[in-house]
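Let's take a friendly walk through this structure, starting with a strand, moving on to a helix and ending where two chains meet. Have a look at it first.

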Amino acid sequence: MSKIPTDLNYTRAHEWLRTLAHGIVEFGITDHAQHALGDLVFIELPEVGRKLEAGGACAVVESVKSASDVYSPISGEVVECNGALLDAPETVNQDAYGAGWLMRVRLDPRAGAPADLMSAADYEKFLETEGE
Amino acid sequence: MGRRTVLFDLHRALGARIVDFGGWDMPLQYGSQIVEHHAVRRAAGVFDVSHMCVIDLTGGRARELLERILANDVGKLKAPGQMLYGCMLNESAGIIDDLVVGFIADSRFRIVVNAGTRDKDLGWIRRHARGFGVAVIERTDLAILAIQGPEARAKTAALLSGADADAALALRPFHGSEIGGWFVSRTGYTGEDGFEVIVPAVDAERIWREVSALGVLPCGLGARDTLRLEAGMNLYGSDMDETTHPFESGLGWTVAMQPAGRRFIGRDALESGGALHPPRRLVGLVLEERGVLRSHQRVIVPGIGEGAITSGSFAPTLERSIALARVPALTGDTVQVEIRGKLLGARVVKPPFVRLGKPLVQ
């Protein structure tokens, strides 16, 4: 079974979000996602300052076998990326919800609250319906 | 649902992630693909490759049939036990499949062909076998385990009784023979020492469990692919197919143009079409920057032309990305590869990248 911390929100694209102070959100991919991808060997992150649209591709995670786009769960501006992942992409496999965070984004106030976020309990049900 | 080997339920019980490979439901990995890769380079791993097809060719003219349908010369097999790698070509010299043939007896040869080309190969071989009166027997009663790595031969021999173990350990590279009810060959697809054992399907699970109990790690097709790529070995359907011929696929060494009188299928096309000096060749690439080379990425050779990657991956032994690529024959020492719109530098090298655990490129 995947780990699903109860203090985070989740998307149908298997990303997690953590609300930090000052309208800043941190996100990454879930334990389920890292497990499905397998050993990660390369991660491409956006430039700080880049404006993200909710649903737009914002990063690439590559396992031994394949490359997968990560889609931004929110609209806003990238304020920080987890540069440590460039040299140690396997951190996402080892600690998807902690040291394996991907980026921090300042929410675009005009975009309103992110839609379609799930609680941990709802994400767990979602995984069951997907046939984990 | 795809076809399944006799070990499918065991793979599931071991927690393998199952993927489609050439119409077969096969284990991609049991745990970490990188751990499985390193196990084969440093100790030993076992792969279920029973999706590959064992075909026995029997009859007094079996050798003549093989002289006709293989681009390599089966005449190089002088004594029972010797084995040969080569390609079956169509009339245009396109590669129908690559295969290994073993010389068992004067009227009996055994070949092993790829899973995805099984039906096509059987049809082709049967069509040509008729004229030679050779029986083509698809051995669905057998399973194939590849036990690979520096410790693989000793671990495999430990499953055999004294005399059989001695016979297996005495096999020289690229030799194979029937030992204790198995066909044991010192062959593989990893760049490491080891055996491939062809065994009765009913015994495969017991053998798998016994060799696992000796510390040989179950490995999936994911690790098999990174191991063969590091070893510079082609994958049929990726690095060559019916639209490419051996000389533009890094396989010119497997085509025996001598003796000149051996009229193998594809020879005329090779001789008349300029294929012996092709405009494209298959090379190895080492990515000089961060990123991962993947098949179908565009290769730019400044001032000369373009090519494409045919197989690419992260190479666990080298901790960087490598690839096989088909490029213009005049390509020099460096190229650029387009990855998501960016041009990254790569070095051109001659495969293999890794051999017997040792990196051969920096």
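## A strand and its hairpin

A residue counts as buried here if 20 or more other C-beta atoms lie within 10 Å of its own. Keep in mind that this is a predicted model. By that cut-off, six of the seven residues of strand β5 (residues 83-89) of chain B are buried, so the rest of the structure largely encloses β5(B).

The partner of β5(B) is strand β6 (residues 95-105) of chain B: the two run antiparallel and are joined by seven bridges. If you would like a pair to look for, B:Met83 stands opposite B:Gly102 in β6(B). Five residues lie between the strands of this hairpin, where B:Ala93 takes a positive phi near 75°.

## An enclosed helix

Helix α2(B) has ten residues, and seven of them are buried, so this helix too is largely enclosed by the rest of the structure. The buried residues of α2(B) are B:Gln33, B:Ile34, B:Glu36, B:His37, B:Ala39, B:Val40 and B:Arg41.

What do they pack against? Four strands of chain B, β2 (24-29), β3 (45-48), β9 (142-148) and β13 (217-218), together with α8 of chain B, receive the buried residues of α2(B).

## Where chain B touches chain A

At the meeting of the chains, nine residues of chain A are in contact with twelve residues of chain B. On the side of chain B, α2 (33-42), α8 (221-230) and β16 (305-315) each supply at least two residues. That side of chain B is made up of seven polar, three nonpolar and two charged residues.

How values were computed. Residues numbered from 1 in each chain as written. Chains lettered and ligands numbered in written order. Predicted model: local features only at pLDDT ≥ 70, side-chain atom pairs only at ≥ 80, totals over all residues. Contact = placed C-beta atoms within 7 Å. Nonpolar A, V, L, I, M, F, W, Y, C, P; charged D, E, K, R; others polar. Buried ≥ 20, exposed ≤ 12 C-beta atoms within 10 Å, placed from the backbone. Pairing = 2+ DSSP bridges.
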